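Thank you all for coming; I would like to take a few minutes on one model, beginning with its sheet and then turning to its ligand. Please have a look at it first.

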Amino acid sequence: MAEIIDGKKISEEIKTEIATEVKSLLDRGLRAPHLAVIIAGDDGAALSYAESIEKQCKGVGFISSVYHLSSNTPEEEFLSTINFLNNDDEVDGYIIQMPLPKQISIEKVTAMVDPEKDMDCFHPTNMGNLLLNKDCYLPATPHGVIELIKRSNIETSGKKCVILGRSNIVGKPLSMLMLQKGIDATVTICHSKTKNMKQICKSADILIVAIGQAEMITPDYVKDGATVIDVGIHRINAPELPKGYRLCGDILFNEVSKKCNAITPVPGGTGSMTTACLLLNTLTAYRKKLH
Ligand code: NDP
């Protein structure tokens with residue numbers, strides 16, 4: 001049976017570190033860091049993520065605010081909310097929840113975000129800095145995966161890493177981070193048009209899956225002894241359970257965990273790391289203002 005990589009425990013350690021620093025800021029008479037969330041519409045997953053961010057901000061002593069706009073908010077009003085946050089000195093950083101309603105252009109939104117307050121690495125400047133390995137806010141989910149790997153002492157140098165998924169928020173930036181000096185993996189990215197995906201996956205020492213396909217990755221995609229990281233998250237109807245549903249990832253956990261060396265569970269793996277890294281980014285933005 002594989003070692004279970006405990007993202008919940010590691011994220012709690014990160015949050016304890018953050019809470020300790022916030023306490024010392026408050027003891028010095030300084031204000032707490034402030035993270036804002038903009039959300040338009042009533043997408044269930046986006047709303048529960050926003051709720052979870054508020055709760056976790058409170059847990060570490062941050063101020064949080066949620067700007068919940070309706071799904072038919074005109075583009076101009078959405079952009080003026082971004083402008084308002086850009087100019088509010090008491091807000092250190094913010095994120096914009098996806099998906100955006102169709103009347104709002106993602107290009108206009110990303111261009112308007114202040115790169116200094118861009119906690120999810122949306123702005124092209126931050127994306128470019130990430131590519132160039134310059135100082136920038138790392139996108140929360142890839143940042144969480146990297147922290148999980150580092151804090152679990154998973155060997156990456158010279159290892160073959162296969163990433164499934166090429167989205168702008170997960171797969172692509174994660175591939176850049178795994179390639180960076182200091183991490184030094186040899187990276188391959190697969191997507192929906194990749195041929196021979198199983199064979200490619202079976203060559204991976206580290207397999208990272210972010211395809212949004214519930215439990216698609218079975219043991220025949222996995223090399224014996226590999227490290228397997230599941231970014232996917234899905235709610236599956238299960239009327240027999242008290243909640244009426246269960247959560248799972250893109251990997252068939254019960255089967256794959258018999259074959260690999262280490263694996264992240266869902267829930268309790270990469271998901272908890274995403275919010276912890278969002279808080280870390282906000283603390284970094286706050287610290288920059290202090291100096
Ligand atoms: P997207 O839908 O934006 O991207 C999915 C990627 O997977 C695309 O590149 C797509 O290929 C590829 N893909 C889809 N199906 C297949 C397939 N059958 N074989 C190979 N590749 C495939 O998803 P996201 O990147 O936003 O999210 C991925 C997963 O991670 C989702 O389950 C999401 O819920 C979860 N997630 C979890 C987070 C966390 O905090 N843990 C945060 C963000 C997302 P192509 O480009 O060719 O279409």
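Before the sheet, a word on terms: two strands pair if DSSP finds at least two bridges between them, and strands (E, at least two residues), like helices (H or I, at least four residues), are DSSP runs numbered from the N terminus. This is a predicted model, in which local features need pLDDT of at least 70 and side-chain atom pairs count only at pLDDT 80 or more, while totals for chains, interfaces and linings use all residues. Residues are numbered from 1 along each chain as its sequence is written, and side-chain values use heavy atoms, with hydrogens and water left out.

In the open sheet, three strands follow the order β3-β2-β4 with parallel pairing. Since β3 (63-69) and β4 (93-96) stand at the edges, each has a single partner strand, so one side of each is left without a neighbour in the sheet. Strand β2 (residues 34-40) is joined to β4 by four bridges, and Ile38 has Ile96 in β4 as its bridge partner.

Turning to the ligand, 21 residues surround it, where near means that a heavy atom of the residue lies within 4 Å. Helix α10 (residues 270-290) gives the most to this shell, with three residues. As for polar contacts, which to the ligand are pairs of N or O atoms within 3.5 Å, the side chain of Ser167 places an N or O atom 2.5 Å from a ligand oxygen, whereas for the side chain of Gln213 the distance to a ligand nitrogen is 3.1 Å.

Conventions. A polar contact is a pair of N or O atoms within 3.5 Å; within protein, one must be able to donate a hydrogen and the other to accept it, and residues adjacent in sequence count only if both atoms are side-chain atoms.
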